[in-house]
Amino acid sequence: MFLCAPVLAALLCANAPPSPADQFGDLFAAVQKEHVFADGKTFADAVPKRAPDAIMADYERAAPGSSAALRAFVLDNFVVPGVNDRPLPPLREHIRALWPQLERRTPNVPPGSSAITLPAPYVVPGGRFREIYYWDSYFTMLGLVADGRDDLVEGMLEDFSSLIERFGHIPNGTRTYYLSRSQPPFFALMLDLSRATDGTIRARRLAALRKEHNYWMAGEVCATTAEACKRVVRMPDGSVLNRYWDDRDTPRDESFAEDQATAAKASTRPTGEVFRNLRAGAESGWDFSSRWLSDPHDLSTIHATDVVPVDLNALIWAMEKRIEKGCRQAGDQPCTREFGQRATARKAAVQRFLWHAKQNRFADWIAPSSRPSKVVSSASLFPLFVGMATPAQAGAMAKATRSTLVADGGLRTTTVRTGQQWDAPNGWAPLQWVAVEGLRRYGHNALAQDIAARWIGTVNCTYLETGKMLEKYDVEERLPGGGGEYPLQDGFGWTNGVTAALLDRYPTLGPAATFQGCSPADRSGTTPRP
């Protein structure tokens, strides 16, 4: 191999073309220094999509300050071997192809396994989540319905009915170590997606739904205004609302060392109290978030069992309304009256304690201090999603959402950055759907479609860059999300489901989303925020 020595360069190498390091200078050095690609030869062999001078000018303007932003810039501007050099199918087609890959069956499990048997096929989220999860499944089902996979929807409803019949509730996921807790109760809303008309099936599912309600209300007999019991909180006026809880106060099996480390930091608290609150935070599905923390930057201050969450109580109200309707259709008048009264009482309590009139927003309630939470979060849109807000409250929430929660790439989870995955800058598929459907329900169609467009653009841009559907996204930078206890997962059940449902809801967003925000000129705010 011939090399040009400096002394002979002018004579021997005058016509030699520049190397990638020569052409792309600081950009090349940054990519190699950050190990954006595992093999240094990968970027050296990349092919620019346009003139190198134009790429470098955009690089100087964008100044990507993180490895993720740098990778995104490179994939926008280069064809990288083995990364983005193969044509990808359209996003919608890709989602349809993922369902068979995520489908599982567990009619039997080996002795000693932590897995729980299920009678019918189901869909898992993907990645490290290799079992069915409760609230994930509702959002996955949205996509299955959109893609005509009613067989899987009915199979998953069979599985959840079976779990309630065996254990009294739907666990967090189908592992033995999840049995001491549930997750946000979406079973009632899942039943809305079913097309089953058989009377026996409908009666069985109504019985299961009532049994699930009993699980959430088991603490009703022992809760007082001075002390909550299990998942029930008796409010200052004696009305009843719910909280998240876990029947165990030990480290989570799946996060054993992490929980022990967190409890060790909270030296002035009983370790069982910390473990219980970590578990309750896991039951919320928002594990973890500033919603549950006294100090937003210190997980050891978690006090999830002190919080009366607005999303949970909206979902249980929806459960009570559907039980009332099911009992009415079955001719069961005592049940109809009971659950009608329960739903009315819960709605009144939500209006009294979870509507923050001074700030015109729904908010969680902190029970020990009898005050609304200061955390602004997307959970506040759940009353709109289930239809228990007034039109005036929906209008106020639309205004607050537009001004505080809408980011370039979709809806923020909260407005604070803590390093927890259920805080800013992350956005999550289920919260986009809740916001879009809740705002549409009350006629705020333009804002709903705007959120959908931003989210689909983010998902599609990341898909074009990585070929993956991810668990969560940074909606401020339109990049893969971060934070939390484990690496970013791909698969991904609820992202697939919500994206498919939104593209069916707004078909004109499909072609536009292919390019929205994907070029350097369209990316806004690529410099990381502090």
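Which residue in β10 stands opposite Val308? The model on display is a predicted one, and the tour begins with this pair.

**The sheet.** Select Val308 together with Trp365: Trp365 is the β10 residue that stands opposite Val308. Now extend the selection to the strands concerned. Strand β10 covers residues 365-366 and runs antiparallel to β7, to which 2 bridges join it. Adding β11 completes an open sheet of 3 strands, ordered β7-β10-β11 and paired in antiparallel fashion. At its edges lie β7 (307-308) and β11 (371-372), each of which pairs on one side only.

**The helix pair.** Next, select residues 134-146, which form helix α7, and residues 150-167, which form helix α8; their axes come within 9 Å and cross at roughly 160°. Because angles over 145 degrees count as roughly antiparallel, α7 is roughly antiparallel to α8. The crossing in which α7 passes α8 is left-handed. To inspect the contact, show side chains on both helices. From α7, the residues to display are Tyr134, Ser137, Met141, Leu144 and Val145. From α8, they are Asp150, Leu152, Val153, Met156, Leu157 and Phe160. Coloured by class, the residues of this contact divide into 9 nonpolar, 1 polar and 1 charged.

**The disulfide.** Finally, select Cys222 and Cys229. These two residues form a disulfide, with 1.9 Å between their sulfur atoms. Viewed along the S-S bond, the link of Cys222 and Cys229 has an angle of -70° and is left-handed. The count of disulfides in the model comes to 2.

How values were computed: Residues are numbered from 1 along each chain as its sequence is written. This is a predicted model: local features need pLDDT of at least 70, side-chain atom pairs count only at pLDDT 80 or more; totals for chains, interfaces and linings use all residues. Side-chain values use heavy atoms; hydrogens and water are left out. Two strands pair if DSSP finds at least two bridges between them. Helices (H or I, at least four residues) and strands (E, at least two) are DSSP runs, numbered from the N terminus. Axes are lines fitted to C-alpha atoms, for helices over the stretch in contact, and angles run from 0 to 180 degrees between N-to-C directions. Angles under 35 degrees count as roughly parallel, over 145 as roughly antiparallel, 65 to 115 as roughly perpendicular and the rest as oblique. A crossing is left-handed if the near helix is turned anticlockwise from the far one by less than a right angle, and right-handed if clockwise. Contact means heavy atoms within 4.5 Å. Ala, Val, Leu, Ile, Met, Phe, Trp, Tyr, Cys and Pro count as nonpolar, Asp, Glu, Lys and Arg as charged, and the others, Gly among them, as polar. A disulfide is a pair of cysteine sulfur atoms within 2.5 Å.
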